[in-house]
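Work through these exercises with the model open. Try each task before you read its solution.

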Amino acid sequence: MVNASSISISGVGFPYIADLPPEIYRSGLIDFVEVTPESLCRERRVGGQRALDLIPSHVERARQTCDGLQIVIHGVELSIGSAEGWNDAYIDMLDRFWKMWPFQWHSEHLGFQTVPPACPAGASTRDFVSVGVPLPLPSTREAVDLVAPRAAGLCDRYGVPFLLENPAHYLFDLPFDDEIQGEIGLMNAIVERGRCWQLLDLHNLYCNAVNFGIDVASLLQGVRLERVLEIHVAGGSWRDGFYMDGHNAGVPEPVWRLLEDVLPRAPNVAGVVFEVLDEAAPRLGPKLIGRELERAREIWHRYRRRSGADVIVARGTAEC
Amino acid sequence: MLSRFQRLLGTAVRERRIPALEDLEARPSDESAPALSAREAAFFHRLSGNPGFRFMVEVQRSWCELRTLNAARVTLGTLPPHERRTLVKGWVERGGGTESFFATEADVLLDYIAGQVPAGSTTAVICRIEQAVQRAQRAPAQTTDPASLSDDTALVRGEDATLLRVPTSVAAAMNAGAGSADDVTAARLVPDAEGEIEVLLAPAISGVLREAEAGEVQIWATCATPVCVAALRTAGHERATLQVLVAERVLDVAQRPRSTARR
């Protein structure tokens, strides 16, 4: 069983974005960096199979930018919920990444983004096609049975905590089993059986609440806060009557309030990350980013006055 | 059940259409299409009235368009906005732009663009340059030790290398844009006063591309099929030149047929 007692991170994080000035990462506003390793890769086909090659110059540049800060992994390409197989190329790449640049924990999105290609009935293929966007899982026992062992396997594979992130999406009315109920129940069941942790994305939760007309507090009530190891905050924008999880703006006030509500009640949280989309970062600029990081730090320190060592001990005793 | 649910939902979003009723029916004899649960089937029956699905499709489309723009950034950047939009939308309509890692797709996309723009136009030339740059960039970096070349080593054009003839006007435009677009314009080209220049693109060339010398152009032409080092030297080419081209992966050591190797 993987525990979180060895984690030495405690504070506010920010994604690695190659196009931002490296000085942001040395400003003292960032305690750790969230790296999406796929952004340091290029894809290659080997005999019809996909492979992800880490680009040495990109990795080296990222390491220089992070300048000794601890890192965590936030992947987007695993497709952990794909019924007919996840992305093996991602795992192979992460194995190599782990050897060259160890991380404190790693996380992925709870959902799927690849499906078998449309093919005649009875035909089979080992390849997959990308949907083009991540899609949510139905809240069913079958989904739990699929994802939980995979999550447990990832915990064991690297010996560091594995986290699943609650997704934002726009599909009302997803199927569910009575024993699981909704998406919160799905996450709870997987976290329990998969011996993993949750990355609680407050902006995603807020998006779904706004778009589905649900009280966000009632959604939050079901979350097992003692199993939350990391929190995401972010901003979004409106389009066609939907509030989008665009990571293209500052954090809205309701999400800051959610953070203030959750932090005192989530004893094992090791870090809060302000998420920004790579493409949006230059437009948002260092000034706005710095302001949001300062606010996150202010909230963090208000509710996390204990020393890092105290937090680590608390996390170890709350082991799953 | 989950497998079929995902296949139907994923295909519905990719192809922007609600599954047909017959797709929702159980096919007990078809192992690749296990039955949907009643709730899963009901979800698809209600999908046409689900505004979230329609919006999801729009989101998918915009992501695909963004990926397509990134996949052929330099080439598409040479076009007026309305032409660029038309090409991008055309590609996404054909199902393109879904891959997060677009390297493989980019090659086909650039072929598509080259077929849509006037032959010989600046955009067409830059399209081929961008395609060659991308091929060189995604190739493995390892090289043969050039010092190991013997007279009977057979050399052939590198699989990921290209030689392009570039009009001076395009080279000048690339120079003007140097520094603003990091891939294609990483290296500055110095064209002759008129006409065209020959440009080599290969994985291990610093900056991926450089101007080719006349002798190198001859070697490139000769090595369309495997040629021994001895034959190239007899034709007047220096060993040092061949070693540079091998080190840059403009040329690769040709694989000998298995039967020959055994002898």
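**Exercise 1.** How many salt bridges does the rule find across the interface of chain B and chain A?

*Solution.* Note that the model is predicted. Pair each side-chain nitrogen of Lys or Arg with carboxyl oxygens of Asp or Glu, and keep pairs within 4 Å. The interface of chain B and chain A yields 4 salt bridges. One of the pairs to inspect is B:R39 with A:D178. Their closest N and O atoms lie 2.9 Å apart, so this pair passes the 4 Å cut-off. Next, count polar contacts: 18 residue pairs link chain B and chain A, with both partners at pLDDT 80 or more.

**Exercise 2.** Which element of chain B gives the largest share of the side that touches chain A?

*Solution.* Start with the elements that give two or more residues to this side: helix 1 (2–15), helix 3 (38–45), helix 4 (51–71) and helix 7 (103–116) of chain B. Helix 4 of chain B supplies the largest share, 13 residues. Then sort this side of chain B by residue class: 16 nonpolar, 13 polar and 10 charged.

**Exercise 3.** How many residues does each chain bring to the contact, and what area is buried?

*Solution.* Chain B brings 39 residues and chain A brings 47. Together the two chains bury about 3,900 Å². Carbon and sulfur atoms account for 62% of that area.

**Exercise 4.** What is the make-up of chain B in secondary structure and burial?

*Solution.* Chain B has 13 helices and 6 strands. Of its 263 residues, 49% are buried. The accessible surface of chain B is about 12,700 Å², with 51% on carbon and sulfur atoms.

Methods
Residues numbered from 1 in each chain as written. Chains lettered and ligands numbered in written order. Predicted model: local features only at pLDDT ≥ 70, side-chain atom pairs only at ≥ 80, totals over all residues. Heavy atoms only, no water. Helix = DSSP H or I, 4+ residues; strand = E, 2+ residues; numbered from the N terminus. Buried < 20%, exposed > 50% of the residue type's maximum accessible area, 1.4 Å probe, protein only. Areas by Shrake-Rupley, 256 points an atom, 1.4 Å probe, with all protein chains shown as cover. Contact = heavy atoms within 4.5 Å. Buried area = accessible area lost by both parts, 1.4 Å probe. Polar contact = N/O pair within 3.5 Å; in protein donor to acceptor, adjacent residues only side chain to side chain. Nonpolar A, V, L, I, M, F, W, Y, C, P; charged D, E, K, R; others polar.
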